[in-house]
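Work through these exercises with the model on screen. Try each task before you read its solution.

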Amino acid sequence: MKELSVYTEPNTLTMEGWDGTAAGEPTELTERRWRNFGASGAKLVWGGEAVAVREDGRANPNQLLLVETTRAAIEKLRKGLVSEHRERLGPTADNDLFIGLQLTHSGRFARPHAKHRPEPLAAYLHPLLDRRFEGGVTLVTDSELARLVDYFVRAARWAWDAGFAFVDIKQCHGYLGHELLSARTRPGAYGGSFENRTRFLREIIDGIHATAPALRGHGAVLQK
């Protein structure tokens with residue numbers, strides 16, 4: 001058994017925010033919320049909120065985004081939380097503070113450019129869910145999933161560089177990672193068998209182990 005460096009979960013309280021900038025950076029409202037997390041006295045901050053690893057994976061056009069141009073702003077969020085925690089509880093209060101960042105791609109529920117304009121990237125066609133999208137859905141290709149793995153791994157490394165102790169790869173709510181787990185009818189390397197349906201998550205986990213091995217987690221184990 002191999003213990004993972006990431007958290008995965010069937011459900012979560014960590015949802016995407018609606019008060020970032022169009023570029024995916026925090027606003028004053030976002031920063032105030034994170035400072036309040038620190039002032040609360042909580043010692044485990046599980047993600048703060050879901051952060052997209054690529055623009056086309058945002059669930060709304062004001063969701064936070066972790067890309068090259070937003071790295072410093074995301075790091076500032078964590079520092080503001082820690083600073084407020086120390087201010088409220090003492091100068092060494094952050095010694096047992098455990099802060100992670102949730103990373104996501106919204107898949108078929110992506111609305112990256114306008115809140116009323118869905119731009120779904122689906123893992124497979126679904127006779128019921130597809131009815132929600134008058135313009136149809138775009139199926140993400142195997143090669144695009146392989147590239148997206150790199151985006152998750154890169155974001156995890158940047159999260160570590162910014163001081164986060166762990167990352168949570170979002171596998172719930174029908175978003176892309178979650179949908180792939182049920183992609184029994186999808187052909188190719190990421191659908192059909194259990195091994196294929198879990199390939200996307202396993203590749204992300206292996207990539208994180210290779211590039212940011214110090215990220216910690218206790219949320220799951222993987223049989224190798």
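The exercises below deal with helices, buried residues and backbone angles.

This is a predicted model, in which local features need pLDDT of at least 70, side-chain atom pairs count only at pLDDT 80 or more, and totals for chains, interfaces and linings use all residues. Residues are numbered from 1 along each chain as its sequence is written, and side-chain values use heavy atoms, with hydrogens and water left out.

**Exercise 1. The span of a helix**

Task: check the length of helix α3 (residues 142-161) against its expected span.

Solution:
- Start with the terms. Helices (H or I, at least four residues) and strands (E, at least two) are DSSP runs, numbered from the N terminus.
- Next, take the rule: the expected span is 1.5 Å times one less than the number of residues.
- Apply the rule. The 20 residues of α3 should span 28 Å.
- Compare. The end C-alpha atoms of α3 are 29 Å apart, which agrees.
- Look just past the helix. G163 follows α3 and has a positive phi, near 105°.

**Exercise 2. The buried side of α3**

Task: find which residues of α3 are buried, and what covers them.

Solution:
- Buried means under 20% relative accessible area, exposed over 50%, and partly exposed in between (1.4 Å probe, protein chains only).
- The buried residues of α3 are E144, L145, L148, V149, F152, V153, A155, A156, W158 and A159.
- Recall the geometry. An α-helix has 3.6 residues a turn, so residues three or four places apart point the same way.
- The cover over the buried residues of α3 includes α2 (71-89), β4 (98-104), β7 (166-169), α4 (176-180) and α6 (199-211).

**Exercise 3. Two helix crossings**

Task: describe how α3 meets α6, then how α1 (residues 28-39) meets α2.

Solution:
- Axes are lines fitted to C-alpha atoms, for helices over the stretch in contact, and angles run from 0 to 180 degrees between N-to-C directions.
- Angles under 35 degrees count as roughly parallel, over 145 as roughly antiparallel, 65 to 115 as roughly perpendicular and the rest as oblique.
- The axes of α3 and α6 come within 9 Å and cross at roughly 40°. The two helices are therefore oblique to each other.
- In the contact (heavy atoms within 4.5 Å), α3 supplies L145, L148, V149, F152, V153, A156 and R157, and α6 supplies F200, E203, I204, G207, I208 and T211.
- The axes of α1 and α2 come within 7 Å and cross at roughly 40°. These helices, too, are therefore oblique.
- Residues of α1 in this contact include W34 and F37, and those of α2 include L77 and L81.

**Exercise 4. Two buried residues**

Task: are S106 and E179 buried or exposed, and what do they touch?

Solution:
- S106 sits in the loop between β4 and β5 (121-122). At 0% relative accessibility, S106 is buried.
- Leaving aside neighbours within four places in sequence, S106 contacts G57, R58, A59, Q63, Y175 and L176.
- E179 lies in helix α4. Its relative accessibility is 5%, so E179 counts as buried.
- With neighbours within four places in sequence left aside, E179 contacts R108, A122, A123, Y124 and G174.

**Exercise 5. An angle to notice**

Task: what is the sign of phi in H173, and where is this residue?

Solution:
- Most residues other than glycine have a negative phi.
- Phi of H173 is positive, near 65°.
- H173 is in the loop between β7 and α4.
- With a relative accessible area of 32%, H173 is partly exposed.
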